[in-house]
Amino acid sequence: MKRKLTAGAVLSASALLAGAIQVAAAPAQAAPVLQRDAIIALAGQQAAPVAKALALGGQEQLIVKDAIVDANGTRHLRYDRTYAGLPVLGGDLIVHQKANGTVASVDRAFDGRLSLPSLTPKLSADTASTQAVDSVRATVGIAPADEDASPVTRVDGASSPTLVVWAGDGSPRLAYQTVVHGERADGTPSSQRLVTDAATGQLLSTHEEVQTATGTGKGVHVGTVTLTTTQSGSTYQLKDASRGNQWTGNAKSGNALYTDADNNWGNGTASDTQSAAVDAQFGTGATWDYYKAKFNRNGIKNNGVGASNRVHYGNAYVNAFWQDSCFCMTYGDGTNNANPLTAIDVAGHEMSHGVTAATANLTYSGESGGLNEATSDIFGTMVEWYANLPSDVPDYLIGEKINIFGNGQPLRYMDKPSKDGSSKDSWYSGIGSIDVHYSSGVANHFFYLLAEGSGAKVINGVSYNSPTSNGSTVTGIGRDKAAAIWYRALTTYFTSSTNYKAARTGTLNAAKDLYGAGSVEYNTVAAAWSAVNVS
């Protein structure tokens, strides 16, 4: 989970464009990876004409981030933007093209025109760095108000500030981006990315790049599972060449790759050093397999590269976190070093932050931050259902195995989020100002209603009773269809500034693409959003 101190969410906008951009079709018989490489290359070739069609200014350029081609040839080209060579934060957009290359529409994080009076900062880079470090240092020892992370206790320094254009709040301006490094009270490394106005020094945005899932509890294990390993000479490595060479190492030994003489790993106890590694390796593989089987996604970044894990991090460290910078998951051993936080929904949740970063990159504040967190809850839950482990029976409860409260209660509930005492069941004006872990309840509730419907029922041995804000009755379409719609919206329609209203539009577009306008699925998406007061 990330942390964003300053909100800067912008409404997503869709604009119809006149004119056509012609793009040659990708080879019909190409292998999936080659097909994706080909369309990304074509998207890169089209960056300049697309910018012209969008009437971007002469100093603006588009940089390809991702591309999707539908079975009918429709293309969805995701671009980041630069201005005078500087990255534009909050300037991303998605261009939707018909098979013949005609631009049909565009979704933008920032809908205005970029125009800066000057590209010369009034503040020096050194001043910006000092101010950034001072901003973080001022929070030392203070518990974060917007999430359950522990406070920063040490500030080590900052990277060299880089000039950027900040468009995250709808008022573009020249800014500095600085990463301040340190450590939190519970031992979690801290890397806070701050954006400050290059003229006034005003703090515009900051978020914690180390994404964590906090929890305490009993030892968490996946039970007896099959692992794909690599033989090297007479030993075996906990490394999986079939899933992008994903691997697991021991943080107590400098993240050294786990090896074993007989390829029989762990004994199922928390005291055994290999058992947590089995959990981590299996969870990473299950997440890979879920995205591959359901969406033909080839790894978290869709580039065939596997993630890595390190277990036994810190001393009695009650946390787990994902970092894009190392493309890795880190797990602590929990209270008394006896409760490794290696639950499969934790793994799926955290690695799904990586999928979000590689696609919509939903800003981790305001309503987009709630959607970011909900996306990880949704797909963490779906990974759990996909794995279908006897030792962790699938459900719509978040973090139920880590027992963070010490009473067996889960972290969050998807059927009725407010049961945790803080999350929200439905949208209201101002929901973007609360902790993203609680504003995520709206999307979690929407997803449950879309998948399973409203009212009381027992699913897989767990009792649920999901209300609706408008008193309606919703009949679910099934979790696989609901997840397919959310994934389609995330990868094809959501931008960094998508809010709940735009998420409704994006998921309706996704349902139309997958099942048709006016279909049962389309109408249920509309009904489920209305049931959580999003219209």
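# Close-up views of a predicted model

**View 1. Strand E21 is covered on both faces.** Asn319, Phe321 and Gln323 on one side of E21, and Ala320 and Trp322 on the other, are all buried. Buried means under 20% relative accessible area, exposed over 50%, and partly exposed in between (1.4 Å probe, protein chains only). The model is predicted: local features need pLDDT of at least 70, side-chain atom pairs count only at pLDDT 80 or more, and totals for chains, interfaces and linings use all residues. Residues are numbered from 1 along each chain as its sequence is written, and side-chain values use heavy atoms, with hydrogens and water left out. Strand E21 spans residues 319-323, and 5 of its 5 residues are buried. Helices (H or I, at least four residues) and strands (E, at least two) are DSSP runs, numbered from the N terminus.

**View 2. E21 and E22 form a hairpin.** E21 pairs with strand E22 (residues 328-332) in the antiparallel sense, over 4 bridges. Two strands pair if DSSP finds at least two bridges between them. Phe321 stands opposite Thr330 in E22. The hairpin has 4 residues between its strands, and Phe327 takes a positive phi near 55°.

**View 3. Strands E14, E15 and E19 make an open sheet.** The order is E14-E15-E19, and the pairing is antiparallel. Strand E14 (230-232) and strand E19 (259-260) are the edge strands, each pairing on one side only. E14 and strand E15 (residues 235-237) are joined over 3 bridges. Tyr236 in E15 is the bridge partner of Gln231.

**View 4. Two loop residues have positive phi.** Ala55 is not a glycine, yet its phi is about 60°. Ala55 sits in the loop between helix H2 (47-53) and strand E3 (60-69). Asn388 has a phi near 50°. Asn388 is in the loop between helix H6 (366-387) and strand E23 (397-398).

**View 5. The second largest pocket is lined by 27 residues.** On a 1 Å grid over the protein atoms alone, a pocket is an open set of points where a 1.4 Å probe fits, with protein on both sides within 12 Å along at least five of seven lines; lining residues have an atom within 4 Å of a point. Ile68, Val69, Phe295, Asn296 and Tyr487 lie nearest the pocket centre. Helix H1 (32-45), E3, helix H4 (273-295) and helix H9 (479-492) each give two or more residues to the lining. H9 gives the most, with 7 residues.

**View 6. The largest nonpolar core has 81 residues.** A nonpolar core is a set of buried Ala, Val, Leu, Ile, Met, Phe, Trp, Tyr and Cys residues joined through side-chain atoms within 4.5 Å. Phe379, Tyr396, Phe447, Trp486 and Trp529 have the most contacts inside this core. H4 supplies its largest share, 9 residues. A second, separate core has 16 residues, including Leu62, Ala67, Tyr79 and Val106. Neighbours within four places in sequence aside, Phe447 is in contact (heavy atoms within 4.5 Å) with Ile378, Met382, Tyr396, Met414, Arg479, Ala482 and Ala483.

**View 7. Lys481 of helix H9 is partly exposed.** The relative accessible area of Lys481 is 32%. Leaving aside neighbours within four places in sequence, Lys481 is in contact with Tyr515 and Glu521. Leu450 is 31 residues apart from Lys481 along the chain, with 8.8 Å between their C-alpha atoms.
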